[in-house]
Amino acid sequence: MTTKLARIAEVSRTRPKERFTSLMHLIAADMLRICHVELKANRATGVDGITKEQYGDNLEANIQSLLERLKRKSYRPQPVRRVYIPKPGSDKKRPLGIPAYEDKIVQLAASKILNAIYEAEFSDMSFGFRPQRGCHDALKLLNYLIVARKVNYIVDADIKGFFDHVNHDWLMRFLEHRIADPNFLRLIRRFLKAGIMENGELRDATEGTPQGGIVSPILANIYLHYVLDLWFEKAVRKHCRGEAYMVRYADDFICCFQYKHEAEAFYQALRARLAKFSLSVAEEKTKIIPFGRFATQWCKRMGQNKTDTFDFLDFTHYCNTSH
């Protein structure tokens, strides 16, 4: 199975316009067993209440039953159980989706295939939920850009409720750029439309990918790859006279500019760009601030004692001279 995924990754890297027409056969019994082994035990259960240990008690029969339903196209994911967890640095709570255990297995298999296809496609400025990349790598790159490049202004933007407002139709259109297997696309759409179970009440899922779903991070990366990353690289940077950079971790991103008017123009264009894809900027959390090697000098000239700060990945960034 590892060899097959490696082959897909190689084709994706060497033939960027290739569309994959046969993917569902990869979700075979051996892959489903591997996914079962990789899933962590002692985790919260979905609407079915089944744990990893309980599913493993009769593993072969369960895997064969699941595989037959996938082949017959009769497999349908169960609704996601929604709970709320505290949001760091705020009194608000964040919604978290917990799939049924069998759905976790299939989601993990689907995410492996999607990662093999899209890892070569993703931009170097994207760090969230990718192999051999983490938040510390994103912070290192951001630090380098601010210290070593011609960065004078930071656009600290926040997407309002991103995971709750992903447009299903746009996401499927993005997937169709590289995937032409109707059965695999049908499986992804069924995950998106599975519904949400909250306080015993079933709700239809007309938009969004529930945070907590195993396949949600890769789907979020694919969505923002087309909505944000490619747009920034191919449209924004090409029209900037000065230097411009972006560092993104999942739906958190920071943009760096050399000139203030280009930072302001980008922010206005960003609002229109996100609106096209059913997203919006959280105005109260978004700001443009002087930040970089010369920011302290500029602030002193304007009578300010210090520059503004910004938060990224739970770190507050200060602009000052170290000892």
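The conversation below goes through the sheets, pockets and loops of a predicted model.

Trainee: Where should I start with the open sheet, and in what order do its strands lie?

Mentor: The open sheet has four strands, in the order E2-E1-E4-E5, and its pairing is mixed. Strand E2 (93–98) and strand E5 (201–203) are the edge strands, and each of them pairs on one side only. From one strand to the next, the twist averages 40°.

Trainee: In which sense do E1 and E4 pair?

Mentor: Strand E1 (residues 80–86) and strand E4 (residues 196–198) are paired in the parallel sense, over two bridges. Val 80 stands opposite Ile 196 in E4.

Trainee: Now to E3. How many of its residues are buried?

Mentor: Six of the six residues of E3 are buried, and the strand is described as mostly covered.

Trainee: Which side chains point which way from E3?

Mentor: Tyr 153, Val 155 and Ala 157 point one way, Ile 154, Asp 156 and Asp 158 point the other way, and all are buried. In a regular strand, side chains alternate between the two faces of the sheet.

Trainee: And which strands does E3 pair with?

Mentor: E3 pairs with E7 in the antiparallel sense over six bridges. E3 is also joined to strand E8 (residues 287–290) by four bridges, and these two strands run antiparallel.

Trainee: What stands opposite Ile 154 in E8, and what in E7?

Mentor: In E8, Ile 289 stands opposite Ile 154. In E7, the residue opposite Ile 154 is Cys 256. Further along E3, Ala 157 stands opposite Phe 253 in E7.

Trainee: Staying with E7, how many of its residues are buried?

Mentor: Five of the six residues of E7 are buried, so by that count the strand is mostly covered. E7 is also joined to strand E6 (residues 244–249) by six bridges, and the two run antiparallel. Met 246 stands opposite Cys 255 in E7.

Trainee: What is found between the strands in the hairpin of E6 and E7?

Mentor: The hairpin has two residues between the strands, and Ala 250 takes a positive phi near 55° there. Most residues other than glycine have a negative phi.

Trainee: Which loop residues have a positive phi, then?

Mentor: Phe 129 and Ser 278 do; phi of Phe 129 is near 55°, and phi of Ser 278 is near 65°. Phe 129 is in the loop between H5 and helix H6 (135–148). Ser 278 is in the loop between helix H10 (260–276) and E8.

Trainee: Why does Phe 129 count as partly exposed?

Mentor: Phe 129 counts as partly exposed because its relative accessibility is 43%, and that class lies between the 20% limit for buried and the 50% limit for exposed. Ser 278 also counts as partly exposed, because its relative accessibility is 33%.

Trainee: Changing topic: how much space lies in the largest pocket?

Mentor: The largest pocket holds about 1,500 Å³ of space. Its lining comprises 43 residues, of which Lys 87, Arg 94, Asp 158, Asp 251 and Asp 252 lie nearest the centre. Asp 158 is one of the buried residues of E3 mentioned earlier.

Trainee: Which elements give two or more residues to that lining?

Mentor: They are E2, strand E3 (153–158), helix H9 (216–236), strand E7 (252–257) and strand E9 (310–312). E2 gives the most to the lining of the largest pocket, with four residues.

Trainee: What is the make-up of that lining by class, and which domains supply it?

Mentor: The lining of the largest pocket has 18 nonpolar, ten polar and 15 charged residues. At least three lining residues come from each of domain 1 (1–121 + 168–206) and domain 2 (137–162 + 222–318).

Trainee: What about the second largest pocket: what is its volume, and which residues lie nearest its centre?

Mentor: The second largest pocket has a volume of about 820 Å³. It is lined by 32 residues, and Leu 39, Lys 40, Leu 108, Gly 212 and Ile 214 lie nearest its centre.

Trainee: Which element supplies the largest share of that lining?

Mentor: H5 does, with seven residues. Helix H3 (52–56), E2, helix H5 (101–118) and H9 each supply at least two residues of the lining. By class, the lining of the second largest pocket has 17 nonpolar, seven polar and eight charged residues.

Notes: Residues numbered from 1 in each chain as written. Predicted model: local features only at pLDDT ≥ 70, side-chain atom pairs only at ≥ 80, totals over all residues. Heavy atoms only, no water. Pairing = 2+ DSSP bridges. Axes fitted to C-alpha atoms, helices over the stretch in contact; angles between N-to-C directions. 1 Å grid on protein atoms, 1.4 Å probe; cavity = no way out; pocket = protein on both sides within 12 Å on 5 of 7 lines; lining within 4 Å. Points joined across faces, edges and corners; volume = space filled by probe spheres on them. Nonpolar A, V, L, I, M, F, W, Y, C, P; charged D, E, K, R; others polar. Domains from an automatic or database assignment. Buried < 20%, exposed > 50% of the residue type's maximum accessible area, 1.4 Å probe, protein only.
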